[in-house]
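Open the model in your viewer and keep the sequence panel visible. The tour below goes from one selection to the next.

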Amino acid sequence: NGKDLFLGICVGIPNQLCSLFLIKALNYIKTPIAFATYSAGSILLMSLSAILLFKEKLKKREFLCIILI
């Protein structure tokens, strides 16, 4: 199906780029720092996307957890 192929490409290309940049970062940054930054950045980016794109409302506890990251 063409729609599935399009969505697969839209998700696959950014995913591949994230992996590539993480691997490149490992040449310059210590591994624990690179993986921690990658994980925290992913959580923050997904949370921000949910708020901006889907108008999701965060509870106080969820907001506090994001701040702690």
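## Tyrosine 38 and the pocket

Select tyrosine 38 to begin: it counts as partly exposed, at 32% relative accessibility. This is a predicted model. Tyrosine 38 has its place in helix H2. Add asparagine 27 to the selection and draw a C-alpha to C-alpha distance: the two residues are 14 Å apart in space and eleven residues apart in sequence.

Which residues line the largest pocket? Select Cys18, Thr37, Tyr38, Gly41, Ser42, Leu45, Met46 and Ser49. The largest pocket holds about 210 Å³ of space. Color the lining by helix, and H2 turns out to give the most, with seven residues. Color the lining by residue type instead, and it divides into four polar, four nonpolar and no charged residues.

Stay with the lining and pick out glycine 41, whose place is also in helix H2. Glycine 41 is partly exposed, with a relative accessible area of 34%. Now add isoleucine 69, which is 28 residues apart from glycine 41 along the chain. The C-alpha atoms of this pair are separated by 8.8 Å.

## Further along H2

Next, select serine 47 in helix H2, which covers residues 31-54. Is serine 47 buried or exposed? Serine 47 has a relative accessible area of 18%, so it is buried. Show its side chain together with the backbone of isoleucine 43: the side chain of serine 47 reaches the backbone oxygen of isoleucine 43 at 2.9 Å.

## The loops on either side

Move to lysine 30, in the loop between helix H1 (2-25) and H2. Lysine 30 is exposed, and its relative accessible area is 65%. Measure from here to lysine 57, C-alpha to C-alpha: 36 Å in space, for a separation of 27 residues in sequence.

Then go to lysine 55, in the loop between H2 and helix H3 (60-68). Lysine 55 counts as exposed, at 61% relative accessibility. What is the phi of lysine 55? Its phi is positive, about 55 degrees, although lysine 55 is not a glycine. Most residues other than glycine have a negative phi.

## H1 from its start

Select H1, a helix of 24 residues. From its first C-alpha to its last, H1 reaches 35 Å, close to the 34 Å expected at 1.5 Å a residue. Zoom in on the start of H1 and show asparagine 1 and lysine 3. A side-chain oxygen of asparagine 1 reaches to within 2.9 Å of the backbone nitrogen of lysine 3.

## The cysteines

Finish by selecting cysteine 10, which is partly exposed, with a relative accessible area of 39%. Why is the sulfur of cysteine 10 not in a bond with the closest cysteine sulfur? The closest cysteine sulfur is in cysteine 18, 14 Å from that of cysteine 10, and this is too far for a bond. A disulfide would be a covalent bond between the sulfur atoms of two cysteines. Cysteine 18 has already appeared on this tour, in the lining of the largest pocket.

The last residue to select is cysteine 65, which counts as partly exposed at 43% relative accessibility. How many disulfides does a search of the whole structure find? The search finds zero.

Notes
Residues are numbered from 1 along each chain as its sequence is written. This is a predicted model: local features need pLDDT of at least 70, side-chain atom pairs count only at pLDDT 80 or more; totals for chains, interfaces and linings use all residues. Side-chain values use heavy atoms; hydrogens and water are left out. Helices (H or I, at least four residues) and strands (E, at least two) are DSSP runs, numbered from the N terminus. Buried means under 20% relative accessible area, exposed over 50%, partly exposed in between (1.4 Å probe, protein chains only). A polar contact is a pair of N or O atoms within 3.5 Å; within protein, one must be able to donate a hydrogen and the other to accept it, and residues adjacent in sequence count only if both atoms are side-chain atoms. On a 1 Å grid over the protein atoms alone, a cavity is a set of points where a 1.4 Å probe fits but cannot get out, and a pocket is an open set with protein on both sides within 12 Å along at least five of seven lines; lining residues have an atom within 4 Å of a point. Grid points are joined across faces, edges and corners, and a volume is the space filled by probe spheres set on the points. Ala, Val, Leu, Ile, Met, Phe, Trp, Tyr, Cys and Pro count as nonpolar, Asp, Glu, Lys and Arg as charged, and the others, Gly among them, as polar. The expected span of a helix is 1.5 Å times one less than its number of residues. A disulfide is a pair of cysteine sulfur atoms within 2.5 Å.
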